[in-house]
Amino acid sequence: KFLTRVDRAARALAYAGYEVVLIAIKDDETGAVEQRDGYVVKRVTLRSRRLPRRFGLKYLRFAEGVFRTLVAAWREDADIYDARDAYPLLATYIAAKLRGAKVVYDSDELATGRNWAHAANPAFAWAITRYERFFARRCAVITSDHGRADVLERIHRIPRPTVVLNVPETIAVPEPDEEFRS
């Protein structure tokens, strides 16, 4: 259950000879460990997922997710940690700093402060924009298209993020069937 872009990036790194481990949140439909095409997915279980979805409990789930993701990422002792969105950014950043590693922030959201569920709340939008800006100024930032790169550069006042286009893999173009054309 990954975006095609995440899967392609992991496979490309694996094919280039890198050991790739993705840390993800486990759900009822996925196993704890999955061997994929050249890389491994390790999923952390959130015990708080079973709790009812009430006001304060979502923050407990977020805190547990940060903690469990941090521990799982730190155990990997990677050279580079890549946060694939703002949600795991805190855990990724801390694990990387504890390991003396580099951090890449893959921001495929246009502007996190506007896209989260509570973005209509001005205080929340302000806080989450500052959260993302804090990390964007301390990490290498990549994004999926030039428009997003322009907006992230402007909003966070950072060097223009590197663009890794979110496009389909190339496919072989079939030879024309001359009989069909006649």
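Helices and strands here are runs assigned by DSSP, numbered from the N terminus. With those labels in hand, the loop between α2 (57-76) and β4 (80-83) is where you'll find Asp77. Keep in mind as you look around that this is a predicted model.

Let's stay with Asp77 for a moment. Most residues other than glycine have a negative phi. Asp77 goes the other way: its phi is positive, near 50°, and it isn't a glycine. How buried or exposed is Asp77? It's partly exposed, with a relative accessible area of 46%, a value that falls between the 20% and 50% cut-offs.

Now hop along the chain to Arg157, which sits in the loop between α6 (146-156) and β7 (162-163). Here too phi is positive, about 50°, in a residue that is not a glycine. Arg157 counts as exposed, because its relative accessibility is 57% and the cut-off for exposed is over 50%.

Next, go back towards the start of the chain and pick out helix α1, which covers residues 4-15. This helix has twelve residues, and from its first C-alpha to its last it reaches 16 Å, close to the 16 Å expected at 1.5 Å a residue. Which residues of α1 are buried? They are Arg5, Val6, Asp7, Arg8, Ala10, Arg11 and Ala14. What do these buried residues pack against? Their partners are three strands: β1 (21-25), β5 (102-106) and β6 (140-143). After α1 comes Gly17, with a positive phi near 100°.

For a look at a strand, try β2, residues 33-35, which includes Gln35. Gln35 counts as exposed, at 57% relative accessibility. Compare its place with that of Val21: the two are 14 residues apart along the chain, and their C-alpha atoms are separated by 9.6 Å.

Last stop: a pair of helices. Two packed helices are described by the angle between their axes and the distance between the axes. For α3 (residues 89-99) and α5 (residues 122-136), the axes come within 11 Å and cross at roughly 30°. Angles under 35 degrees count as roughly parallel, so that is the description that fits α3 and α5. The crossing of α3 past α5 is left-handed. Which residues make the contact? From α3 there are Leu89, Leu90 and Tyr93, and from α5 there are Tyr131, Phe134 and Phe135. Sorted by class, that contact has six nonpolar residues, with no polar and no charged ones.

Technical notes:
Residues numbered from 1 in each chain as written. Predicted model: local features only at pLDDT ≥ 70, side-chain atom pairs only at ≥ 80, totals over all residues. Heavy atoms only, no water. Axes fitted to C-alpha atoms, helices over the stretch in contact; angles between N-to-C directions. Helix = DSSP H or I, 4+ residues; strand = E, 2+ residues; numbered from the N terminus. Parallel < 35°, antiparallel > 145°, perpendicular 65-115°, else oblique. Left-handed = near helix turned anticlockwise from the far one by under 90°. Contact = heavy atoms within 4.5 Å. Nonpolar A, V, L, I, M, F, W, Y, C, P; charged D, E, K, R; others polar. Expected span 1.5 Å × (residues − 1). Buried < 20%, exposed > 50% of the residue type's maximum accessible area, 1.4 Å probe, protein only.
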